[in-house]
Amino acid sequence: MSTLEAAQEPRRLLEVTDHVLEILRRGGADLSQLGMPAPADEDRGELWEDVAVPQASARALAWRNSMREAAHDDYLKWRFADLDANQHPKVLRGWLNSLVEAKRRGARPTTMHLIAPGNIGTGKTTALAALGNEASEQGLLARFIKHTTYLTWRRPDGGPGDMTAYTVRKRHVEADLLVLDELCGEMDSVATEFARRETVDLIDSRLSAGRPTAFSTNLRRDSIAAVLGERLLSRIEDRAYLVKITGPDRRTPRKPLDW
Ligand SMILES: Nc1ncnc2c1ncn2[C@@H]1O[C@H](COP(=O)(O)OP(=O)(O)OP(=O)(O)O)[C@@H](O)[C@H]1O
Ligand SMILES: [Mg+2]
C-alpha cells in the first residue's frame with residue numbers, strides 16, 4: 001500500500017460509516033438507540049436557510065414553511081381581527097391564550113382540541129390559518145398539514161424532499177400546535193386501515209405529550225366515526241371546543257362545465 005493510500009484509508013472507513021448511518025436514518029431508524037447522537041436533521045429543511053436564526057424565528061419559519069408546502073401562502077395574511085363572527089374569532093383567541101399560558105407554565109392545556117366543522121367554502125381553513133398565524137407570532141411552534149397529505153407523507157418514500165417517514169411523524173407529533181385540515185377528507189375505503197392506524201397514532205401521541213390540535217372538516221360526525229372509529233373520535237371530542245363554521249360558500253360560484 002502506498003503512503004498516499006494508507007493516508008486515505010481511515011477517511012474511506014468513515015465515509016462507509018456515514019453511508020450506513022444515512023441508510024439507517026432514511027429507513028427511519030432512531031439513531032439514538034444505536035448510541036449515535038440524534039441527527040441534527042429534523043429541522044434541517046427549515047434551518048438551512050440561515051443556521052444562525054434565533055429560536056423564535058425558527059419556530060415562525062416552521063409554520064410558514066408548512067403553509068407554503070400546502071400551497072397556502074395566501075392564507076398567511078389572516079389574523080383573528082379579519083374573521084367574521086361565524087368563524088368565532090373570540091373562541092379561537094381564547095383557546096390560543098390558554099395554550100400560550102399553559103406552555104409558559106409548562107402545564108398541560110385543559111382543552112386539547114378544537115374542532116371546526118362546516119360546509120365547503122365557509123372559511124374553515126382561513127379561521128385555522130389565522131389561529132396558526134397568531135400562534136406562531138406568540139412563540140408557539142405551529143404546523144399546518146392536510147390530513148391526506150400527512151398520510152401520503154407517512155408512506156415509504158412519500159415525504160417531500162429527503163424527509164423520512166420517521167421525520168414526518170416526529171415533526172407533527174412534536175409541534176406545539178398542529179392544524180390538521182380536512183380531517184378524513186378525500187379518503188377512500190382502501191385507505192381506511194392505514195389511515196386509522198396512522199391517525200390514531202398521531203392524535204394519541206400528541207394527546208399523551210400534552211400537545212393541542214385543531215381540526216377542520218366538512219364531513220358529518222358519522223362519516224368521521226366510520227373512518228377513525230368511535231373510540232378515537234370520542235377521545236378527540238373529550239376535551240374539545242366545537243366551533244361550527246356557518247354561512248354560505250364564500251368562493252365565487254361557478255357553474256359546472258357541461259361535459
Ligand atoms: N372572513 C372572511 N372574509 C372574507 N373572505 C373570507 C373570509 N374567510 C374566508 N374567506 C375567503 O373565502 C374563501 C374560502 O375560504 P376557506 O378556504 O377558508 O374555506 P374552507 O371552508 O376551508 O373551504 P373548503 O371546504 O373548500 O376547504 C377563500 O377565498 C377565503 O379567502
Ligand atoms: Mg379548507
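How many of the five residues of strand β3 (residues 177–181) are buried? I began my notebook with that strand, bearing in mind that I was reading a predicted model.

**Entry 1: the strand β3**

I looked up β3 residue by residue and found that five of its five residues are buried, so the strand is largely enclosed by the rest of the structure. I then sorted its side chains by direction: L177, V179 and D181 point one way, while L178 and L180 point the other way, and all of them are buried. This is the pattern I had in mind from general knowledge, since in a regular strand the side chains alternate between the two faces of the sheet.

**Entry 2: the partners of β3**

I next asked which strands pair with β3, and took its two partners in turn. With β2 the pairing is parallel and runs over five bridges; with β4 the pairing is again in the parallel sense, over three bridges. For single positions, I noted that F144 has V179 as its bridge partner in β3, and that K146 is matched in β3 with D181. V179 also stands opposite A214 in β4, so I marked V179 as a residue to follow across the sheet, because a strand's bridges are what pair it with another strand.

**Entry 3: the whole sheet**

I then stepped back to the sheet as a whole, in which five strands form an open arrangement in the order β2-β3-β4-β1-β5, with parallel pairing. At the edges stand β2 (142–146) and β5 (240–242), each with a single partner strand, so one side of each is left without a neighbour in the sheet. From one strand to the next the twist averages 15°. I wondered how an edge strand fares for cover, and for β2 I found that four of its five residues are buried, which leaves the strand mostly covered.

For the pair formed by β1 (residues 113–117) and β4 (residues 213–217), I read off five bridges and a parallel run. Within that pair, I115 has F215 of β4 as its bridge partner. Helix α10 (residues 230–238) lies across β1, β4 and β5, and I noted that it runs at about 105° to β1.

**Entry 4: W95**

Is W95 buried or exposed? I placed W95 in helix α4 (residues 89–105), and its relative accessibility is 0%, so it counts as buried. Leaving aside neighbours within four places in sequence, I listed the contacts of W95 as T111, M112, H113, L114, L131, L177, P212, T213, A214 and Y241. I also checked the separation from H113, which is 18 residues away in sequence and 9.3 Å away in space, C-alpha to C-alpha.

**Entry 5: S205**

I turned to S205, which has its place in helix α8 (residues 192–208). Its relative accessibility is 15%, and because the cut-off for buried is under 20%, S205 counts as buried. The side chain of S205 reaches the backbone oxygen of D201 at 2.5 Å. Leaving aside neighbours within four places in sequence, S205 is in contact with R169, V173 and V200.

**Entry 6: ligand 1**

Which residues are closest to ligand 1? I found 18 residues surrounding the ligand, the closest being Y75, Q87, K124, T125 and T126. I then went through the polar distances. An oxygen atom of ligand 1 lies 3.2 Å from a polar backbone atom of T122. A backbone N or O atom of G123 is 3.0 Å from an oxygen atom of the ligand. For T125 I recorded 2.8 Å between an N or O atom in its side chain and an oxygen atom of ligand 1. Taken alone, the ligand exposes 640 Å², and the protein buries 78% of that.

**Entry 7: totals for the protein**

I closed with the overall figures. The protein has 10 helices and five strands, and of its 259 residues 42% count as buried. Its accessible surface comes to about 14,600 Å², of which 54% belongs to carbon and sulfur atoms. Among contacts with a separation of 6 or more, 79% are accounted for by residues 24 or more positions apart.

Definitions and conventions. Residues numbered from 1 in each chain as written. Chains lettered and ligands numbered in written order. Predicted model: local features only at pLDDT ≥ 70, side-chain atom pairs only at ≥ 80, totals over all residues. Heavy atoms only, no water. Pairing = 2+ DSSP bridges. Helix = DSSP H or I, 4+ residues; strand = E, 2+ residues; numbered from the N terminus. Axes fitted to C-alpha atoms, helices over the stretch in contact; angles between N-to-C directions. Contact = heavy atoms within 4.5 Å. Buried < 20%, exposed > 50% of the residue type's maximum accessible area, 1.4 Å probe, protein only. Polar contact = N/O pair within 3.5 Å; in protein donor to acceptor, adjacent residues only side chain to side chain. Areas by Shrake-Rupley, 256 points an atom, 1.4 Å probe, with all protein chains shown as cover. Near = heavy atom within 4 Å.
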